[in-house]
Amino acid sequence: VPFVLLAVLAWTGGTVDSAYTTPPQEATGAGLELPGELAGWTLKGAEWFAAERMFEKINGKAPFYLDFGAQGLYAGTWERDGVAWDMYVYAMQAPGGAEGVFISERPEQSEPARAGDEAYVTAGSLVFRAGPYYVQLGALSQEADTDAARALAREIVKALPGSETAAEARGPALPEEKQVSGTHDVIPRDAFGFSALTGVRAAQYVHGGATTTWFVVEGTRDVVDAYGNELRMYGGEEIFETEHGIGGRFMGSWEYVGATEAGVHGVRDAATRAHVIDHWHELTGVERAGDE
Amino acid sequence: MNRREFLWRGGAAAALAAVSVGTGWYFHNRRLVPPRAGAVHIPPFIIEGTEGELVIVRGQDGAKMVAAALAELGGIERFIKPGDRVIVKPNCAFDRPPHLGATSSPEVVGEVVRQCRAAGAEVRVVDNPINDPEGCFAKSGLGEAVAKAGGTVWLPAAGLFGHTTVGERRITSWEALLTPLKWATKIIGVPTVKSHNLCHASLAMKNWYGLLGGGRNRLHQAIHEVISDLGMFITPTLVVLDGTRLLLTNGPTGGSTADVAPGNVVAVGTDQVAIDTFGAELLGVPPEQIEYLALAEASGVGRRARDELKRSREISI
């Protein structure tokens, strides 16, 4: 395919827009830095690893965080009164990336903690997310006092620039009600095989006796149209368009994606067209249009 | 479009297509690194007659499990002779404490060193970690365990590296800890059992990655073929798979004790592929999903099926 495209380019005498050939701007910036002292704790050996250097600290694990939009890793050790906690702060491009990593790495059983937007503790470790940051604190001993870590975590949250995320910056959210427990997921890219769907929050819901997948993603009608183009390209059947969005039957089940003022909302894995429309309105709370 | 323009555009299109096809042909399935002249071949360290042996020991105490496995294999003296120079290669990749499961257990590595010392060997423990080497050996507890057992940690100074041969699929040669490899008469790998987000499992063959230097992150591009090559790189005297702790999720770094489960098992043997297959089972990963196991078997590194080994036993203590 690239050969054909190149040949076509040469044939048509076309040129390549400089936007595609100019190297991307440095995305990682100068890096994150925290104060050397926080509530009696001293930060030692702290170092910023920009995205392209993250492998130097975490090697083969780096691609996992990069997939969720990691801009870099800030790692160091907090020490106080002979007690040490290692800190790994992953600075993501957006709060959704931190949430995605948090959900992916969270164990099935964990004790919630109060730090940042969401946190949990296990023996000798405390993990939290705050705004665009995903933070791991790990003690040198399993018997370490996690109360001290909780207090340290709250101090770190205060010191992290931009860690308090405004509600609108978090993007559209999924409702808690009727959500099937343990199904909430964040998909960093190519959700359900559609390249138009990036940074998707998804979960299963039971409504009207049917279980479907609901998802939300930041964006406008453009995202819906791009999704629609892919749906057609990949062989979607019985495709329909409404005032709000585009849907159809794909791989044996129905799906529907539409835009609202809050973002782009979608429903998939429905058995019938009626179900998919019904679930979408339940998800968005939007009044039905005449064509739905 | 006039005739001149038609010919010009047609010629340009044909030339571009030809260059593209030629470039694609040239780079298709090329090795990540071309062979390097003068790379030193690393000889096999396996003792003749010990091929295809495996003992799995289940228990609670890592050191006792190592001792029991070696006894079941005929004793450490079958593998290590007085005067031998032994390299022990644990997984000390990250500066993380042992309870996070990202590194080999101090008790298992310590017992391997102690056994070799008791057999009359000099023992040096070597790794080229991802993080600062001194910090890794300190925080993992391995430095202290090695010293207590009578061994020496040999930190990876720049002057120790040189080009060696590696494998046949992707890396035929690479910069490695040549001086320790030339010094050694025996090599024992002591990998831990870890999940790995790029290759499912980091076990015995992947552990040899820690003998390499240079821009190792490039090797993640074709990780299964590279791990298969690492299996060819080192043919060890023994592998002691440390399954006392299992890093079941979020490997290879982990970060939370919730990622770690007690494994209560040690597997000791000479067949890296059989040991890695067993390690995959410990992690709950179907071995057939791990491409490098099949590749390594096809390269003659070892066998996946334990019932095809010369001797395979499982005991509990």
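This report describes a strand of chain B, a sheet of chain A, and the pocket and cavities of a predicted model.

**Strand β8 of chain B**

Strand β8 of chain B spans residues 192-196, and because five of its five residues are buried, the strand is largely enclosed by the rest of the structure. Thr192(B), Lys194(B) and His196(B) point one way from β8(B), while Val193(B) and Ser195(B) point the other way. In the parallel sense, β8(B) is joined by three bridges to strand β10 of chain B, residues 238-247, and within this pairing Lys194(B) stands opposite Leu247(B). Three bridges also link β8(B) to strand β9 of chain B, residues 200-202, but here the pairing is antiparallel, with Ser195(B) standing opposite Ala201(B). The connection from β8(B) to β9(B) is a hairpin of three residues.

A residue elsewhere in chain B offers a point of reference. Leu7(B) sits in helix α1 of chain B, residues 3-27, and with a relative accessibility of 48% it counts as partly exposed. From Leu7(B) to Thr192(B) the separation is 185 residues in sequence and 64 Å in space, C-alpha to C-alpha.

**The sheet of chain A**

In chain A, seven strands form an open sheet with antiparallel pairing, in the order β9-β10-β11-β15-β14-β13-β12. The edges are held by β9 (185-187) and β12 (237-241) of chain A, each of which has a single partner strand, so one side of each is left without a neighbour in the sheet. Direction ignored, neighbouring strands of this sheet are turned by 20° against each other on average. At the β12(A) edge, three bridges make the antiparallel pairing with strand β13 of chain A, residues 245-250, and Glu241(A) stands opposite Ile246(A) in β13(A).

Two helices of chain A pack on this sheet. Helix α5 (residues 95-105) touches β9 and β10 (200-207) of chain A, and its direction makes about 125° with that of β9(A). Helix α7 (residues 221-233) touches β12, β13, β14 (253-260) and β15 (263-270) of chain A, and its direction makes about 25° with that of β13(A).

**Pocket and cavities**

Helix α5(A) appears again in the lining of the largest pocket, to which it gives the most, with five residues. That lining also takes at least two residues from each of β5 (111-113) and β6 (118-122) of chain A. Of the 27 residues that line the largest pocket, Glu99(A), Ile103(A), Arg106(A), Glu118(A) and His184(A) lie nearest its centre.

The structure also holds six cavities of 30 Å³ or more. Among the 17 residues that line the largest cavity, those nearest its centre are Asn59(A), Asn91(B), Ala93(B), Lys206(B) and Tyr209(B). The second largest cavity is lined by Asp86(A), Tyr88(A), Gln136(A), Gly138(A), Arg96(B), Pro97(B), Leu100(B) and Gly255(B), and β4 (83-92) and β8 (133-139) of chain A each supply at least two residues of that lining.

The table sets out the volumes and the classes of the lining residues.

| Space | Volume | Lining residues by class |
|---|---|---|
| Largest pocket | about 730 Å³ | ten nonpolar, eight polar, nine charged |
| Largest cavity | about 150 Å³ | six nonpolar, six polar, five charged |
| Second largest cavity | about 50 Å³ | three nonpolar, three polar, two charged |

Methods:
Residues numbered from 1 in each chain as written. Chains lettered and ligands numbered in written order. Predicted model: local features only at pLDDT ≥ 70, side-chain atom pairs only at ≥ 80, totals over all residues. Heavy atoms only, no water. Buried < 20%, exposed > 50% of the residue type's maximum accessible area, 1.4 Å probe, protein only. Helix = DSSP H or I, 4+ residues; strand = E, 2+ residues; numbered from the N terminus. Pairing = 2+ DSSP bridges. Axes fitted to C-alpha atoms, helices over the stretch in contact; angles between N-to-C directions. Contact = heavy atoms within 4.5 Å. 1 Å grid on protein atoms, 1.4 Å probe; cavity = no way out; pocket = protein on both sides within 12 Å on 5 of 7 lines; lining within 4 Å. Points joined across faces, edges and corners; volume = space filled by probe spheres on them. Nonpolar A, V, L, I, M, F, W, Y, C, P; charged D, E, K, R; others polar.
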